[in-house]
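Let's take a walk through this structure together. Keep the 3D view open and turn it as you read.

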Amino acid sequence: MTSSSLRQDARVIGLVGLAHGVSHFYHLILAALFPWLKAGFNLTYAECGFLMTVFFVVSGVGQTLAGFVVDHVGPRKVLFAGLALLGVSALVLAAAPNYLMLLAGSMLAGLGNSVFHPADYTLLGQRVSKERMAHAFSVHGISGNLGWAAAPLFLAGTAAVSGWRSALLAAAVIPL
């Protein structure tokens with residue numbers, strides 16, 4: 001195996017892993033801010049939970065559809081579109097004046113999140129050599145876990161210092 005092949009594999013694995021970490025970070029973008037959202041909008045726990053339900057239903061249904069789009073236009077374009085949707089969703093959430101806009105932001109985040117597995121696995125399968133495929137899937141998995149770990153620390157920490165809207169604005173920068 002040549003060093004350029006190793007470099008390309010490492011680059012693809014690293015970039016796809018980073019994108020997957022961002023995806024998992026966004027799984028918890030609302031949950032980490034529940035204490036602030038609940039107080040700020042006078043929400044019940046059921047309403048907070050419904051925001052998460054909307055995110056994951058849109059994401060789950062969207063994954064199948066995203067697979068077809070990946071096959072049609074390619075994984076790179078779809079992955080970038082998903083990252084952009086995540087960033088936009090955080091901006092919508094940060095500006096939300098009411099629960100309806102929180103729902104809209106949650107839907108946008110779910111739609112953005114839906115592209116990652118179809119796009120990630122396609123990119124890894126197409127661009128990583130067979131010899132490093134196990135490493136690719138390991139990095140993909142651990143990067144998702146790191147995204148889950150980072151979200152509460154980043155969002156709650158930022159919200160505690162400068163408010164939940166600032167936390168979401170800061171989060172919008174991550175995928176963009």
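Rings of Phe, Tyr and Trp (its six-membered ring) pair if their centres lie within 6.5 Å; planes under 30 degrees apart count as stacked, over 60 as edge-to-face and the rest as tilted. By that rule, the structure holds 5 aromatic pairs. Before we look at some, note that this is a predicted model, where local features need pLDDT of at least 70 and side-chain atom pairs count only at pLDDT 80 or more, while totals for chains, interfaces and linings use all residues. Residues are numbered from 1 along each chain as its sequence is written, and side-chain values use heavy atoms, leaving out hydrogens and water.

Start with F25 and Y26: their ring centres are 5.8 Å apart and their planes sit at 55°, so this pair is tilted. Now swing over to F154. Its ring centre lies 5.7 Å from that of F25, with the planes at 65°, so here we have an edge-to-face pair. This pair links distant parts of the chain, since F25 is in helix α1 and F154 is in helix α7 (residues 133-162), 129 residues apart; helices here are DSSP runs (H or I, at least four residues), numbered from the N terminus. Together, F25, Y26 and F154 make one aromatic cluster.

Are these rings buried or exposed? Buried means under 20% relative accessible area, exposed over 50%, and partly exposed in between (1.4 Å probe, protein chains only). At 5%, F25 counts as buried, and Y26 is buried too. F154, at 30%, is partly exposed.

Conventions
Helix = DSSP H or I, 4+ residues; strand = E, 2+ residues; numbered from the N terminus.
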